[in-house]
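Notebook open, model loaded. I want to go through a few helix pairs, some buried side chains and the odd backbone spots, one at a time.

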Amino acid sequence: MVEVNYHLGHKFASKRLNIDVERLLVCNNSPSYFTYPIKWTSRFDGFVTTLNSKTVKVVDQIIPQVGGGIVSIHHKGYKVEVIRENLAEEFFLPNGFTTMIYSLSKKIPLQILFDIKELNDAEEWGRNYKIEIISNKTVIYYEKLDCYVAINCPIEFNETWHKKEYEYDKNRSSPHYNRWVYSPGKFFAHNLIITLKKTKKEVLAENEYIETNLQRITSIEEKEFLINIENKGNNDVNIAYNLSKYYLKKLGTKRGIIAGFPWFTQVWTRDELISLKGMYLAGEIEYVKSRLIKYLDLIHADGRLVNHFTGQEKNADGGGWLFRRLLDYYLLSRETSLAFDQKERKKIQTSLETASNCLTKYFKKDHLLHSTNYQTWMDSLRREGARVEIQALDTNLYALLRLITKETSYLTQERKLVKEFKRKFLKGAILKDEVNDLTIRPNVFLAGYVGLRLLKEEEWAKIYRKAIKSLWNEWGGLSTIDKLDSRFHNNHTGENPESYHNGDSWFFINNIAGIAMSRQKGFSKYVKMILQASTKNILEMGSLGCASEVSSSSKLESKGAWLQAWSLATYIELVEVIENG
C-alpha cells in the first residue's frame, strides 16, 4: 500500500489515499505517453511518442540507482511526483514536443533501459544502437528506424542487455512476456530530458530548447492545468472530473482525438465522435467544431465512415454518432458566436442529405438500417441485421435536418422510423437488441441516450428496469450481456476477446446509462452508484487519475486500455448532467 495524494492547486481540492498502486501515466498531445510501473511491468510501459505518424517506443524503464522504497505519490494533474525514502522524482510531457522530462531532487546515477522500436514490433534481431557525445549530450542513433534520441547529459559507458519479464502482459495472456532491452551505461542527472527526432539536428535542437527553457515550460504546463479547474460535485468527483478534462484534452491531437493508451493510438471515428461532447464540455469548442466540419468531408459514397483513418474498413454507427454530435453542437452553441454559420449549415445539409440517400439505398429495409458482422461498437461480435442503437442514432439525422431546413418532410421520415422501431423492437418491457434477437444488452441505454424520442418516458423506464435486473453489477456497472446467458463471462479474459462484449463492463457505457437513467424518475440510486464506480476507477485503480476501458463484471477493477478517451468524455458528461440537470 502506498500513500497517494491528489492536488488541484492550493485553493482547490486535495485527497489522500492509501491504496495498492498499479502504475502512473502522463501524456501530451504529440501524442506521447510515459508510464511509471509500480505493481508490475508491461512491454507497453515506458516513454512512447510519435515519429512520422508512427507510434514509437523509446524508453522501457528509468531506474534510479539510489533512493529507497516509495513512501508517497503526489498527482498534480500536469505532473506526478514520487517520494522515496531518500529521493524525490517527478515527470511530465510538455505539449507539442516529442520529449519527456524526468526530474530528481538531487543528482544521482540512473540506468535507462532503451527499447527503440515501433510499439508493436516484437522482432528481436537487427537492433543496433550507435552512441556519441555531442556538446555534453548523449546522442543515440537507432538504425532500424533511422532516428535519433538525445539525452541532456553524458554517459558512463557500460553497454549491457537485460532480459525484462513483463508480468502484466503474462497476466492478460498477451505475448510476448519477455524481451531483451538495452542499457548503454550510467547517466548522472538532476533533470533528465529525453527527446526523439528523425534527424540529429532536430533532436539536439529540441533537447537543448527544453533544457534551456525548462522552468518556463513547466510553468506553462502548470498554468494550463490550473486555469481550467472547475468545482464540481463532492471532493472525489471534483478531482476526477478535472483530471478527466485534462487528460481528454491531452488526447486531442492535430489529427483528432486519440482513442486511448497504450494500444489505441489512432483516431477511431466512433471513439472520437462519442468523445466530442465531453471535449465540448471541457471547453474545447472550436476544436470540436473543426472536427465535426472535417468529418463531413469523410463520409463515403455509401453514407458511412471508416473505422479509423489508417484503414479502409467501415463501421455501421460512426455516421450516426456524427449526426448526433452535429445535433448536440447545434443545440449547445446556437446562441453563441461559435454557432454554425450559414455556409456551414448549408454544408451540413448537403452532406447529410447525401448520406441519408446513400444509407437508404445501400443499408435500409423497411425504414431500418442494417449492419453486417463486426461493424457495431461491439466489434468482437457478429451483430448483423437491424440493431437497436443504430436505429436510435438514425433519428438524429432527421432531427438535425429538420432544424436546419425547417422542412416537415424530415419529421414525416422520423415518424415512420419511430413507428417501425416500436413495432419491431418493443416487446413488453424488453427492447430487442435486433428485430430477431431478444438478448438483453446495455445497448438499450445507448438507444435511450441517443434516441429518446423513439419511445414514451414510461416505456423507457420499464425497459431500463428490465435491463437492470439482467445486467446490473452490485459495484455500480452493467454487464454487456444478460448474466444468465450461457455466453456470459464474469471475469475479464485479457487479450482473448471472449469477455469483451459478453460480460465485461465498459465505463463509457456505464456513464451513458447513467445519463440516460438520470432523465427518468426512480433511477437515482443506480446513477449515483455508476458515478461512484467511475470515480473510484479514475482515482484509485489502474493508471492513477486515468479512466480505463473496462472492468470485469465480478468486481470493480481496471482492465483493458489504461487511458480511454470515451471513458473520460462520458464521465465529464455524466458529471455535468448530474450537476446541471
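**Backbone oddities first**

I started with Ser135, which sits in the loop between strand 11 (129–134) and strand 12 (137–142). Reminder to self: this is a predicted model. I looked up the backbone of Ser135 and got a phi near 50°, a positive value in a residue other than glycine. Is Ser135 buried or exposed? Its relative accessibility is 68%, so I put Ser135 down as exposed.

Ser173 was my next stop, and its phi is positive too, at about 55°, although Ser173 is not a glycine. I found Ser173 in the loop between helix 1 (167–171) and strand 15 (178–197). With a relative accessible area of 44%, Ser173 goes into my notes as partly exposed. The cut-off for exposed is over 50% and for buried under 20%, so a residue in between is partly exposed.

**Cis peptide bonds**

I then checked omega at two prolines. The bond from Ser30 to Pro31 is cis, with omega near -5°. Pro31 belongs to the loop between strand 3 (23–28) and strand 4.

The bond joining Phe261 and Pro262 is also cis, and here I read omega as about 10°. Pro262 falls in the loop between strand 18 (260–261) and helix 5. I kept both Phe261 and Pro262 in mind, since they turn up again in the contact list of Tyr33.

**Tyr33**

Where is Tyr33? I located it in strand 4, residues 32–37. Its relative accessible area is 1%, so Tyr33 is buried.

I listed what Tyr33 touches, skipping neighbours within four places in sequence. The list runs Val26, Cys27, Phe44, Gly46, Phe47, Val48, Leu93, Leu119, Phe261, Pro262 and Trp562. Which distance separates Tyr33 and Leu93 in space? I get 7.3 Å, C-alpha to C-alpha, for two residues that are 60 apart in sequence.

I also looked at the polar end of the Tyr33 side chain. One of its polar atoms lies 2.6 Å from the backbone oxygen of Phe44.

**Ser499**

Ser499 is in the loop between strand 24 (477–478) and strand 25 (505–506). I half wondered about its accessibility, and the value came out at 0%, so Ser499 is buried. Leaving out residues up to four places away in sequence, I count Thr480, His489, Asn491, His492, Thr493 and Asp504 as its contacts.

**Helix 4 against helix 15, with Ser244**

Next I went to the helices. Helix 4 (residues 235–251) packs on helix 15 (residues 565–580) at an angle of about 135°, and the axes are 9 Å apart. I therefore call helix 4 and helix 15 oblique to each other. The crossing of helix 4 past helix 15 is left-handed.

Who makes the contact on each side? From helix 4 I noted Val237, Ala240, Tyr241, Ser244, Lys245, Tyr247, Leu248 and Leu251. From helix 15 I noted Ala565, Leu568, Ala569, Tyr571, Ile572, Val575 and Glu576. Sorted by class, that contact holds twelve nonpolar, one polar and two charged residues.

I picked out Ser244, a helix 4 residue. Ser244 is at 0% relative accessibility, so it counts as buried. Beyond residues up to four places away in sequence, Ser244 touches Ile538, Leu568, Tyr571 and Ile572. I also have Ser244 at 9.6 Å from Gly77, C-alpha to C-alpha, with their positions 167 residues apart in sequence.

**Helix 5 against helix 6**

Last pair for today. How do the axes of helix 5 and helix 6 cross? I find helix 5 (residues 269–281) and helix 6 (residues 285–296) crossing at roughly 150°, with axes that come within 9 Å. Anything over 145 degrees counts as roughly antiparallel, and helix 5 and helix 6 are therefore roughly antiparallel to each other. Their crossing is left-handed.

On the helix 5 side I wrote down Thr269, Glu272, Leu273, Leu276, Met279 and Tyr280. They meet Ile285, Tyr287, Val288, Arg291, Leu292 and Tyr295 in helix 6. By class, I have nine nonpolar, one polar and two charged residues in the contact of helix 5 with helix 6.

Definitions and conventions. Residues are numbered from 1 along each chain as its sequence is written. This is a predicted model: local features need pLDDT of at least 70, side-chain atom pairs count only at pLDDT 80 or more; totals for chains, interfaces and linings use all residues. Side-chain values use heavy atoms; hydrogens and water are left out. Axes are lines fitted to C-alpha atoms, for helices over the stretch in contact, and angles run from 0 to 180 degrees between N-to-C directions. Helices (H or I, at least four residues) and strands (E, at least two) are DSSP runs, numbered from the N terminus. Angles under 35 degrees count as roughly parallel, over 145 as roughly antiparallel, 65 to 115 as roughly perpendicular and the rest as oblique. A crossing is left-handed if the near helix is turned anticlockwise from the far one by less than a right angle, and right-handed if clockwise. Contact means heavy atoms within 4.5 Å. Ala, Val, Leu, Ile, Met, Phe, Trp, Tyr, Cys and Pro count as nonpolar, Asp, Glu, Lys and Arg as charged, and the others, Gly among them, as polar. Buried means under 20% relative accessible area, exposed over 50%, partly exposed in between (1.4 Å probe, protein chains only). A polar contact is a pair of N or O atoms within 3.5 Å; within protein, one must be able to donate a hydrogen and the other to accept it, and residues adjacent in sequence count only if both atoms are side-chain atoms.
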